[in-house]
Amino acid sequence: MTVVSIRIPAKVTLFGEHAVVYNKPAIASTIPVFIDITGRKLDDRRLLINLDGASVQIKGILFDRISGGHTVLPDDNYLSRFTSYIVTGLDICEDELKINRSGYEVSIGSSLPIGAGLGTSAAISVGTMAMCLALSTHYSTDDSHVKKMVALLAWKTEQRVQGMASPMDTFTITYGGIRYIKPWIPDTEILNSTNKFNIIVGYTPKRYTTAELVKKVKNLRTKEESVMNMLLDVVEKIVGEARDAVVHGDAEKLGILMNINHGVLESMGVVSLEHSYIVKILLAAGALGAKTSGAGGGGAFIALARNREHAIVLKNIVEAFGGKVVALELYEKGFTVSYRE
Ligand code: MEV
């Protein structure tokens with residue numbers, strides 16, 4: 001029976017998170033950190049999800065000291081959130097292909113904790129969709145028609161699971177590279193830069209789900225609509241300027257724009273206390289710019305260093321303050337698929 005392996009990069013938002021949910025443009029990129037999904041169809045209708053290679057939260061282990069047996073206590077909320085992207089993705093894929101519900105064995109490998117804020121839920125949605133379509137159609141990674149289908153259906157999966165989601169994460173992860181996102185189409189455009197940026201991508205524990213943070217911003221917009229609309233317009237302007245800066249390799253300008261975007265995210269109430277500190281410390285250590293990246297509430301952040309040596313100094317500072325650094329560069333590709341009989 002065919003076994004399909006999908007390699008999916010994580011992603012970082014450079015500019016425009018949250019505003020992109022309100023149809024404003026954004027800039028995001030894949031990073032060279034991967035989630036691997038391997039899957040095959042089963043003869044019956046069971047769905048077996050193997051988490052051997054993924055770091056997954058559990059609540060505890062209960063030992064019976066008489067029988068010697070034990071039970072693992074899952075964090076139900078966390079596990080159902082995480083698996084719902086797989087279950088929902090398979091439903092959407094099979095409905096699209098007009099085929100019956102089938103059984104699957106799916107194995108996940110990830111060096112990133114799921115839910116760290118680096119597009120891991122979008123990566124699982126893209127990977128599930130790419131796997132399901134591959135098991136039925138045997139497409140190749142370069143098939144542009146299937147790629148578009150993966151991006152759109154993975155976005156639909158995120159919308160169904162989270163309630164509200166922009167196409168930014170699923171489109172970026174599908175196509176890869178530094179992408180200018182046009183959610184109103186939806187489509188993306190690759191931004192080829194004249195420069196390789198010395199970027200630092202890290203994370204701290206994320207205390208809220210993306211859905212909760214998107215809702216928080218929505219509630220704020222309900223209370224202060226005209227002020228929030230002005231902030232969304234400011235983000236649109238920042239993204240427009242940042243697009244030019246990326247294309248021309250203008251790192252100084254990008255750094256300034258990152259700091260302004262971070263300030264807007266503070267105003268939207270999604271920046272955690274740890275991120276406020278880390279961003280200020282990185283700036284004091286000479287970073288050209290730094291900001292929360294993605295939904296916030298902890299999670300991912302990015303900074304821009306002056307050169308490679310400076311990036312390593314900043315990495316050490318982040319780690320001394322309890323953050324984890326996962327990448328010092330961006331990546332130019334999206335997901336890939338391979339087959340084995
Ligand atoms: C999450 O990675 C980014 C948000 O803008 C939500 C979205 O785009 O769906 C906060």
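The ligand site and the surroundings of K315 are described below for a predicted model.

The ligand is located in the largest pocket. Its surroundings are formed by K11, E17, H18, V20, V21, A165, S166, M168, D169, V214 and A295. By residue class, this shell contains six nonpolar, two polar and three charged members. The nonpolar class takes in alanine, valine and methionine, and the shell residues V20, V21, A165, M168, V214 and A295 belong to it. The charged residues are K11, E17 and D169, while H18 and S166 count as polar.

Polar contacts to oxygen of the ligand involve H18, S166 and D169. For S166, an N or O atom of the side chain lies 2.6 Å from an oxygen atom of the ligand. In the case of D169, a side-chain N or O atom and a ligand oxygen atom are 2.8 Å apart. H18 contributes through its backbone, where a polar atom is found 2.9 Å from an oxygen atom of the ligand. Of the 300 Å² of accessible area that the ligand has on its own, 95% is covered by the protein.

K315 belongs to helix 9, which spans residues 308-320. The relative accessible area of K315 is 24%, and the residue is therefore classed as partly exposed, since this class lies between the limits of 20% and 50%. A327 is 12 residues from K315 along the chain, and the C-alpha atoms of the two residues are separated by 9.5 Å.

Technical notes: Residues are numbered from 1 along each chain as its sequence is written. This is a predicted model: local features need pLDDT of at least 70, side-chain atom pairs count only at pLDDT 80 or more; totals for chains, interfaces and linings use all residues. Side-chain values use heavy atoms; hydrogens and water are left out. A residue is near a molecule or strand if one of its heavy atoms lies within 4 Å of it. A polar contact is a pair of N or O atoms within 3.5 Å; within protein, one must be able to donate a hydrogen and the other to accept it, and residues adjacent in sequence count only if both atoms are side-chain atoms. Accessible areas come from the Shrake-Rupley method with a 1.4 Å probe; for residues, only the protein chains shown count as cover. On a 1 Å grid over the protein atoms alone, a cavity is a set of points where a 1.4 Å probe fits but cannot get out, and a pocket is an open set with protein on both sides within 12 Å along at least five of seven lines; lining residues have an atom within 4 Å of a point. A molecule sits in a cavity or pocket if more than half of its atoms lie within 2 Å of its grid points. Helices (H or I, at least four residues) and strands (E, at least two) are DSSP runs, numbered from the N terminus. Buried means under 20% relative accessible area, exposed over 50%, partly exposed in between (1.4 Å probe, protein chains only).
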